Amino acid sequence: MSNLLEIRNLTKIFVSRKSKTKAVNNVSLSLPADRPVTLAVVGESGSGKSTLANLVLDFIRPTSGQILYQGKDLSTLKGADHNAYRREVQAVFQNPFDAYNPFYTVDHTFQQVFRHFDFSLSKEEQRALVEKNLRLVKLDPSQVLGKYSYQMSGGQLQRLLVARALLLQPKLLIADEPVSMIDASLRVTVLDVMVQLKKELGISQLYITHDLSTALQISDEIIVMYKGCVVESGKAEDVIMHPVHPYTQLLIQSIPIASPEEKWQEDSAVEENKNLPLEQEHCCFCDRCPYFSQRCGQGQPELLPWEKDHQVSCYKYQNL
């Protein structure tokens with residue numbers, strides 16, 4: 001059986017008159033078709049997470065590599081096949097406030113979906129379907145329908161967007177920093193909804209985030225990106241609780257400890273390595289790595305097995 005989603009050696013290079021930037025560099029990953037999985041893509045700003053999401057959503061095209069959906073190359077999908085992809089792969093973005101026109105009530109968001117896709121439903125059936133999906137995301141239809149976006153919280157607006165996506169019965173949800181602009185008190189509700197969608201509706205998810213705590217909370221697997229490269233991947237608990245790559249270790253060290261009795265490491269920064277041969281291919285993290293050696297100037301190391309279901313891209317762990 002083919003995977004639901006498979007990415008093979010995906011690269012995206014943005015070119016300007018002054019420079020070339022590899023936003024995504026030779027990334028491979030997969031989501032199985034036989035069970036729902038939440039895969040978190042974590043990393044700091046500029047690591048390539050959102051570019052990867054935009055590539056999967058077909059908003060931009062890759063420089064090289066393949067994106068396969070149910071065994072079919074995304075670049076070759078046309079007509080009915082491409083429309084099916086648009087229905088089955090839905091997105092929820094970082095800023096829910098930007099998704100609404102303030103001159104319309106939030107009902108307009110659902111009406112647009114019915115207008116652009118053939119549902120063959122009466123007005124009463126459309127209303128019933130909207131109310132059903134609102135309840136799935138823990139919203140009371142009587143409290144949200146007929147209101148304007150400025151009358152609602154960020155958490156409510158984000159769950160409305162999830163409910164809109166559910167109208168199309170998606171198989172894959174791309175969630176790009178969905179709780180980063182929501183009050184902390186409401187984040188748990190949105191994350192609980194995402195977990196429920198996987199368990200009850202069987203919807204797989206690509207969860208883009210810089211927040212390792214939420215990645216551990218809702219994800220089955222994690223890939224860690226830095227400068228467009230995947231530097232570590234594996235089961236969520238393995239990667240977060242037992243980080244192997246120096247970059248992942250620095251990310252974990254940067255998380256404040258919620259205890260007045262334990263001292264937080266005040267400075268986890270590493271002095272940049274000097275005199276690197278930056279004109280040639282090298283490890284993406286070698287300029288900040290505390291374990292830098294001359295081997296790091298030989299190019300980006302392969303992502304190789306470390307332990308069962310745990311991979312790392314670092315010369316330190318090769319040939320051990």
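**Exercise 1. The cover of a helix**

What covers the buried residues of α10?

*Solution.* The model is a predicted one, in which local features need pLDDT of at least 70 and side-chain atom pairs count only at pLDDT 80 or more, while totals for chains, interfaces and linings use all residues. Residues are numbered from 1 along each chain as its sequence is written, and side-chain values use heavy atoms, with hydrogens and water left out.

Step 1: fix the element. Helices are DSSP runs (H or I, at least four residues), as are strands (E, at least two), numbered from the N terminus, and helix α10 spans residues 246-253.

Step 2: assign burial. Buried means under 20% relative accessible area, exposed over 50%, and partly exposed in between (1.4 Å probe, protein chains only). Six of the eight residues of α10 are buried, which leaves the helix mostly covered; these are Pro246, Tyr247, Thr248, Gln249, Leu250 and Leu251.

Step 3: list the cover. Contact means heavy atoms within 4.5 Å, and the elements that cover the buried residues of α10 include α8 (212-218), β9 (221-226), β10 (229-235) and α9 (236-241).

**Exercise 2. Two helix packings**

Describe how α4 packs with α6, and how α3 packs with α4.

*Solution.* Two packed helices are described by the angle between their axes and the distance between the axes. Axes are lines fitted to C-alpha atoms, for helices over the stretch in contact, and angles run from 0 to 180 degrees between N-to-C directions.

Step 1: take α4 with α6. Helix α4 (residues 123-136) and helix α6 (residues 154-166) pack at an angle of about 130°, with their axes 9 Å apart. That angle makes α4 oblique to α6, given that angles under 35 degrees count as roughly parallel, over 145 as roughly antiparallel, 65 to 115 as roughly perpendicular and the rest as oblique. The crossing of α4 past α6 is right-handed, a term used if the near helix is turned clockwise from the far one by less than a right angle, anticlockwise being left-handed. Asn133, Leu134 and Leu136 of α4 make the contact with Leu160, Ala163 and Leu166 of α6. By class, this contact of α4 with α6 has five nonpolar, one polar and no charged residues, where Ala, Val, Leu, Ile, Met, Phe, Trp, Tyr, Cys and Pro count as nonpolar, Asp, Glu, Lys and Arg as charged, and the others, Gly among them, as polar.

Step 2: take α3 with α4. The axes of helix α3 (residues 107-116) and α4 come within 11 Å and cross at roughly 120°, which makes α3 oblique to α4. Here too the crossing, of α3 past α4, is right-handed. Asp107, Phe110 and Phe114 in α3 meet Gln126, Arg127, Leu129, Val130 and Leu134 in α4, a contact with five nonpolar, one polar and two charged residues.

**Exercise 3. Cysteine sulfurs**

How many disulfides does a search of the whole structure find?

*Solution.* Step 1: apply the criterion, a pair of cysteine sulfur atoms within 2.5 Å; the search of the whole structure finds zero disulfides.

Step 2: check individual sulfurs. For Cys283 the closest cysteine sulfur, in Cys284, is 4.8 Å away, too far for a bond, and for Cys284 the closest, in Cys229, is 4.1 Å away, again too far for a bond.

Step 3: add accessibility. Cys283 is buried at a relative accessible area of 8%, and Cys284 counts as buried at 9%.
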